[in-house]
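The following paragraphs offer a guided reading of one protein model. The reader is invited to keep the coordinates open while following the text.

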Amino acid sequence: MNPTIESHQFSSGQWLEIAQGDITAENTDAIVNAANRYLEHGAGVAGAIVRKGGPQIQSESRQWVLEHGLVSHAAPAYTHAGNLPCRYVIHAVGPVWGEGDESNKLDAAVNGCLEVAERLGLSSIAFPAISTGIFGFPKQEAARVMLKSIHHYIVTNPTSSLKLIRLVLYDEATLQVFSDTLEHDDHLHT
């Protein structure tokens, strides 16, 4: 596990943590992959996950698309995690900045991941900063949307199997934005 920088416990007993490091090192039940809708994992977080997790992840991803079609924002795919320390990889399709309605699409992607984790009966999940890399989503807005989505999910699902939700941020600048957003958004502290 990567070192936790910030943590917040909700009244339901569930935890939100912000950590810095490599999401492929997380031993949560699932990690989230910032994927494209074709589930072709070539670069960024997706490329790192397949490199470290092994070819099984790409193979299962291709099979998913064959069986279910292209992946939408609201309905993420999932595969086993191969050689990674987690059990599953949930493949979230984040929005490309400039395509329109980006914040709602990111909200749908985060909620979709949490719902998939719940259906799988998982107790922990780790997210990267979805869409903030090559998809160009501004980090400040991504932090606001992701934290608000997680907060809403926890408040409306206090008996969820999910007890730990981690945001694992690779670089210092992204970590600072998410940490500041958590600290300054009062609605997140209920």
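Val 89 is buried, its relative accessible area being 0%. The model in which this value was computed is a predicted one. Val 89 belongs to strand E5. Once neighbours within four places in sequence are set aside, the residues in contact with Val 89 are Ile 31, Asn 33, Ile 49, Ile 57, Ala 77, Tyr 78, Thr 79, His 80, Ala 81 and Leu 84. A separation of 36 residues in sequence lies between Val 89 and Ile 125, yet their C-alpha atoms are 9.4 Å apart in space.

Ile 125 leads on to the interior of the model. Together with Leu 114, Phe 127 and Leu 167, Ile 125 is among the residues with the most contacts inside the largest nonpolar core, which has 37 residues. Two or more residues of this core come from each of strand E2 (15–20), strand E3 (30–35), strand E5 (88–93), helix H3 (102–119), strand E6 (124–127), helix H4 (139–156), strand E7 (164–169) and helix H5 (172–184). Helix H4 makes the greatest contribution to this core, with eight residues. Phe 127 shows what such a position looks like at the level of contacts: beyond four places in sequence, Phe 127 touches Ile 23, Val 32, Val 110, Cys 113, Leu 114, Met 146, Ile 165, Arg 166, Leu 167 and Val 168. Another core, of twelve residues, lies apart from the largest one, and Ile 31, Val 50, Ala 81 and Leu 84 are among its members.

Cys 113, one of the residues touched by Phe 127, raises the matter of cysteine pairing. How many disulfides does a search of the whole structure find? The search finds zero. The reason is distance: a disulfide requires two cysteine sulfur atoms within 2.5 Å, whereas the sulfur of Cys 113 is 13 Å from the closest cysteine sulfur, that of Cys 86, and therefore too far for a bond. Seen from the other side, the cysteine sulfur closest to that of Cys 86 is the one in Cys 113. Both residues are buried: Cys 113 has a relative accessible area of 0%, and Cys 86 has 6% relative accessibility.

Val 50, named above in the core of twelve residues, also connects to a polar side chain. Gln 58 is located in helix H2, which spans residues 55–68, and is buried at a relative accessible area of 9%. The side chain of Gln 58 reaches the backbone nitrogen of His 41 at 2.9 Å. With neighbours up to four places away in sequence left out, Gln 58 is in contact with Leu 39, Glu 40, His 41 and Val 50.

Leu 39, one of these contacts of Gln 58, lies in the loop between E3 and helix H1 (44–53). Although Leu 39 is not a glycine, its phi is positive, at about 55 degrees, and the residue is buried, with a relative accessible area of 0%. Ser 131, in the loop between E6 and H4, likewise is a residue other than glycine with a positive phi, near 75 degrees. Ser 131 is buried as well, with a relative accessible area of 5%. A positive phi is also found at a glycine, namely Gly 13, at about 95 degrees. Gly 13 sits in the turn of the hairpin formed by E1 and E2, which have five residues between them. Strand E1 (residues 4–9) and E2 run antiparallel and are joined by five bridges. Within this pairing, Ser 7 has Glu 17 of E2 as its bridge partner.

Aromatic rings complete the account. The structure holds three aromatic pairs. One of them is edge-to-face and consists of Trp 97 and Phe 137, with 4.9 Å from centre to centre and 70 degrees between the planes. Trp 97 is in the loop between E5 and H3 and Phe 137 is in the loop between E6 and H4, so this pair ties together parts that are 40 residues apart in sequence. The two partners differ in accessibility: Trp 97 is partly exposed at 40%, whereas Phe 137 is buried at 2%. Elsewhere, ring pairs link Trp 64, Tyr 78 and Tyr 88 into a cluster. Tyr 78 is also one of the contacts of Val 89, the residue with which this reading began.

Key. Residues are numbered from 1 along each chain as its sequence is written. This is a predicted model: local features need pLDDT of at least 70, side-chain atom pairs count only at pLDDT 80 or more; totals for chains, interfaces and linings use all residues. Side-chain values use heavy atoms; hydrogens and water are left out. Buried means under 20% relative accessible area, exposed over 50%, partly exposed in between (1.4 Å probe, protein chains only). A nonpolar core is a set of buried Ala, Val, Leu, Ile, Met, Phe, Trp, Tyr and Cys residues joined through side-chain atoms within 4.5 Å. Helices (H or I, at least four residues) and strands (E, at least two) are DSSP runs, numbered from the N terminus. Contact means heavy atoms within 4.5 Å. A polar contact is a pair of N or O atoms within 3.5 Å; within protein, one must be able to donate a hydrogen and the other to accept it, and residues adjacent in sequence count only if both atoms are side-chain atoms. Two strands pair if DSSP finds at least two bridges between them. Rings of Phe, Tyr and Trp (its six-membered ring) pair if their centres lie within 6.5 Å; planes under 30 degrees apart count as stacked, over 60 as edge-to-face and the rest as tilted.
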